[in-house]
Amino acid sequence: MKTKLTLIILSFCFISCYGQTKLAGKTYVAKIGATCKDGIGMIYTSRILKFDKNTVTSFYKVTAFVSPELKEGYEHMYDHLTKTYKWKMKKGVLIFENCKEFGVLNIQNSKIIGQDNDRKTTIEFIEQN
């Protein structure tokens, strides 16, 4: 009985550790907006999650198809919102420590789906190759 209990505990540890390393080095992107800016061009906004072994960096990427003199301002307008969190998997749920930006995040195949608390909508991140 003691051997079975030890094997069960080791199995859970392996699954937990495997979940941690499975995301490490991966990047996920959610497209969150496309805007026509006053007839001067298009602006596309994405939310990015970039995972390391123990941390995840959350940032925005803006791609602006506008005149060159406006492009720099649009493409760097969210640079100050970059944040890094510690992350972990707990009972199949992805958790970012001390993060108020997202609600519950679940991994489904090559997607991370959850709640964007800032926009009060569902957000879907797709793994990038």
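How many bridges join strand β2 to strand β3? The views below start there and then move around the rest of this predicted model.

**View 1. The β2–β3 hairpin and its neighbour β4.**
Here's the answer: 10 bridges hold strand β2 (residues 42-51) against strand β3 (residues 55-65), and the two run antiparallel. With three residues between them, β2 and β3 make a hairpin. Look for lysine 50, whose bridge partner in β3 is threonine 57. Threonine 57 also stands opposite threonine 84 in β4. That fits the wider pairing, in which β3 and β4 (residues 83-90) line up antiparallel over four bridges.

**View 2. Strand β1 and its partners.**
Nine bridges join β1 to β2, and this pair is antiparallel too. One place to spot it is alanine 34, which has tyrosine 44 in β2 as its bridge partner. β1 also pairs with β8, again in the antiparallel sense, over three bridges. For that pairing, find tyrosine 28 and its bridge partner in β8, glutamate 127.

**View 3. The whole chain, start to finish.**
Step back and you'll count two helices and eight strands. Walking along the sequence, the order reads α-β-β-β-α-β-β-β-β-β. Of the 129 residues, 27% are buried. The protein exposes about 8,800 Å², with carbon and sulfur atoms supplying 57% of that area. Take the contacts between residues at least 6 apart in sequence: 39% of them join residues at least 24 apart.

**View 4. Inside the largest nonpolar core.**
Nonpolar side chains tend to be buried together in soluble globular proteins. The largest nonpolar core here has 16 residues, and those touching the most other members are Leu49, Phe51, Leu94, Phe96, Phe102, Ile112 and Phe125. Elements giving two or more residues to this core are β1 (27-36), β2, β4, β5 (93-96), β6 (102-108) and β8 (121-128). A second, separate core has five residues, including Ile43, Val62, Ala64 and Tyr74.

**View 5. A close look at phenylalanine 51.**
Which residues does phenylalanine 51 touch, leaving aside those up to four places away in sequence? They are Leu23, Ala24, Gly25, Lys26, Tyr28, Val56, Trp87, Leu94, Phe96 and Ile112.

**View 6. Arginine 47 and its two acidic partners.**
Side chains of opposite charge can pair when their charged atoms come close. The structure holds five salt bridges, and one of them brings glutamate 101 and arginine 47 together at 1.9 Å, N to O. Glutamate 101 sits in the loop between β5 and β6 while arginine 47 is in strand β2, so this pair ties together parts that are 54 residues apart in sequence. Arginine 47 also meets aspartate 116 in a salt bridge, at 3.8 Å, N to O. That second pair links β2 with strand β7 (residues 111-116), 69 residues apart. Glutamate 101 and arginine 47 are both buried, and so is aspartate 116. Through shared partners, salt bridges join Arg47, Glu101 and Asp116 into one network.

**View 7. A salt bridge between β7 and β8.**
Lysine 111 and glutamate 124 meet through their side chains at 3.3 Å, N to O, in a salt bridge. Since lysine 111 belongs to strand β7 and glutamate 124 to strand β8, the pair ties together parts 13 residues apart in sequence. Lysine 111 counts as partly exposed at 30% relative accessibility, and glutamate 124 does too, at 36%.

**View 8. Two cysteines.**
Are cysteine 36 and cysteine 99 buried or exposed? Cysteine 36 is exposed, with a relative accessible area of 53%, whereas cysteine 99 is buried at 14%. A search of the whole structure turns up zero disulfides.

Definitions and conventions:
Residues numbered from 1 in each chain as written. Predicted model: local features only at pLDDT ≥ 70, side-chain atom pairs only at ≥ 80, totals over all residues. Heavy atoms only, no water. Disulfide = S-S within 2.5 Å. Buried < 20%, exposed > 50% of the residue type's maximum accessible area, 1.4 Å probe, protein only. Pairing = 2+ DSSP bridges. Contact = heavy atoms within 4.5 Å. Areas by Shrake-Rupley, 256 points an atom, 1.4 Å probe, with all protein chains shown as cover. Core = buried A, V, L, I, M, F, W, Y, C linked by side-chain atoms within 4.5 Å. Salt bridge = Lys/Arg side-chain N within 4 Å of Asp/Glu carboxyl O.
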